[in-house]
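Please look at the sequence and the structure shown below before reading on. The report that follows is meant to be read side by side with them, one part at a time.

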Amino acid sequence: MSMIEFHDVEKYYGDFHALKHINLTIDKGEVVVIIGPSGSGKSTLLRSMNGLNTISEGKLVVNNFDLADKKTDINKIRREVGMVFQHFNLYANKTVLQNVSLAPQLVLKEDKAQSEKEAMDLLNLVGLADKAQSYPSMLSGGQEQRVAIARSLAMKPQALLFDEPTSALDPEMIGDVLDVMKKVAADGMTMIVVTHEMGFAKEVANRLIFMADGEVLEDDDTKSFFAHP
Ligand code: ADP
Ligand code: ADP
């Protein structure tokens with residue numbers, strides 16, 4: 001079952017050709033890591049997958065919805081395909097528990113008790129149940145990112161996109177965040193991850209995509225990728 005399909009996709013920023021004839025199918029349950037030099041289009045590719053960036057040409061189908069179709073509800077796509085950013089953007093004046101449980105209440109119309117119970121389960125998963133009543137300013141960057149992952153999961157997405165989730169973190173925080181991502185992958189989540197963490201790629205991803213200059217230059221299963229001379 002395919003989750004995301006790119007058919008001959010092109011992206012221009014003005015005259016600049018940022019994505020060049022992209023053809024990709026990502027299936028449900030895949031964990032895909034995207035690597036490549038800065039400016040190669042990784043973020044542009046990722047952000048197009050939930051409609052944060054529009055494409056210029058071609059066809060993009062996400063969870064069976066054509067993103068170019070006027071009838072497609074882009075907000076629904078964004079709920080179904082969550083995104084974890086380099087900077088976590090937690091609500092500073094809300095507790096950790098509120099950060100994780102508010103969107104399910106407001107958007108998914110869950111009742112407060114149910115959403116808070118689910119939020120506590122997710123905080124357990126990311127190892128931060130004891131911080132439920134803390135405010136983001138009291139957390140380390142790594143803890144904030146783990147809350148951000150819990151918050152994304154609280155929306156019960158079909159897939160999660162990660163845009164350099166550990167790049168803004170102090171080195172000693174990175175392992176804990178990658179461990180959480182590994183658990184999420186083990187639970188069967190479809191994940192597309194832009195990262196420089198090759199250890200994570202090798203250990204967790206089933207597939208690696210290498211981009212350069214707006215093109216997909218390699219798209220291989222992880223084993224073959226690391227077997228290259
Ligand atoms: P990467 O994530 O691989 O670093 P990006 O997708 O962020 O690459 O960017 C690819 C290229 O597109 C870069 O040259 C970048 O400057 C350019 N770019 C990204 N966003 C915009 C934008 N909104 N307007 C113009 N150019 C952009
Ligand atoms: P990131 O750290 O995620 O790669 P960037 O610094 O590349 O972020 O981009 C930050 C924002 O600026 C993004 O919204 C991106 O689309 C936009 N942007 C990046 N490059 C350009 C550019 N050359 N011209 C205009 N906007 C750009």
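The following sections describe strands, a helix, some backbone angles and the nonpolar cores in a predicted model.

## The open sheet

An open sheet is built from four strands in the order β2-β1-β4-β5, and the pairing within it is antiparallel. The edge strands are β2, residues 16-27, and β5, residues 65-66, each of which pairs on one side only. Strand β1, which covers residues 2-13, runs antiparallel to β2 and is joined to it by eight bridges. One place to look for this pairing is glutamate 5, which stands opposite threonine 25 in β2.

## Two asparagines in a loop

Most residues other than glycine have a negative phi. Against that background, the loop between β4, residues 57-62, and β5 deserves attention, for it holds asparagine 63 and also asparagine 64. Asparagine 63 has a positive phi of about 50°, although it is not a glycine, and asparagine 64 likewise has a positive phi, near 75°.

Which of the words "buried" and "exposed" fits asparagine 63, and which fits asparagine 64? Asparagine 63 has a relative accessible area of 11%, which is under the 20% limit, and therefore it counts as buried. Asparagine 64 has a relative accessibility of 58%, which is over the 50% limit, and so this residue counts as exposed.

## Strand β9 and its partners

Strand β9, made of residues 207-212, is mostly covered, since five of its six residues are buried. It pairs with strand β3, residues 31-35, in the parallel sense over four bridges, and here isoleucine 35 stands opposite phenylalanine 210 in β9.

Strand β9 also pairs with strand β10, residues 215-221, this time in the antiparallel sense over six bridges, with methionine 211 standing opposite valine 216 in β10. The hairpin of β9 and β10 has two residues between the strands, and in this hairpin aspartate 213 takes a positive phi near 55°.

## Helix α5

Helix α5 runs over residues 141-154, and its length can be checked with a short calculation. At 1.5 Å a residue, its 14 residues should span 20 Å, because the expected span is 1.5 Å times one less than the number of residues. The C-alpha atoms at the ends of α5 are 20 Å apart, which agrees with the expected value.

What can be said about the surroundings of α5? Of its 14 residues, 13 are buried, so the helix is largely enclosed by the rest of the structure. Just after α5, lysine 156 takes a positive phi of about 50°.

## The nonpolar cores

In soluble globular proteins, nonpolar side chains tend to be buried together. In this model, the largest nonpolar core has 41 residues, and Leu123, Ile149, Met181 and Met191 are the ones that touch the most other members. Several elements each supply at least two residues of this core, among them β3, α3 (96-106), α4 (112-125), α5 and β7 (159-163). Helix α6 (171-186) is also one of these elements, and it gives the most to the core, with seven residues.

Methionine 191 can be followed further, leaving aside residues up to four places away in sequence: its contacts include Val31, Leu160, Phe162, Met181, Val184 and Phe200. A second, separate core has 25 residues, including Leu24, Val32, Met83 and Leu161.

Key: Residues numbered from 1 in each chain as written. Chains lettered and ligands numbered in written order. Predicted model: local features only at pLDDT ≥ 70, side-chain atom pairs only at ≥ 80, totals over all residues. Heavy atoms only, no water. Buried < 20%, exposed > 50% of the residue type's maximum accessible area, 1.4 Å probe, protein only. Pairing = 2+ DSSP bridges. Core = buried A, V, L, I, M, F, W, Y, C linked by side-chain atoms within 4.5 Å. Contact = heavy atoms within 4.5 Å.
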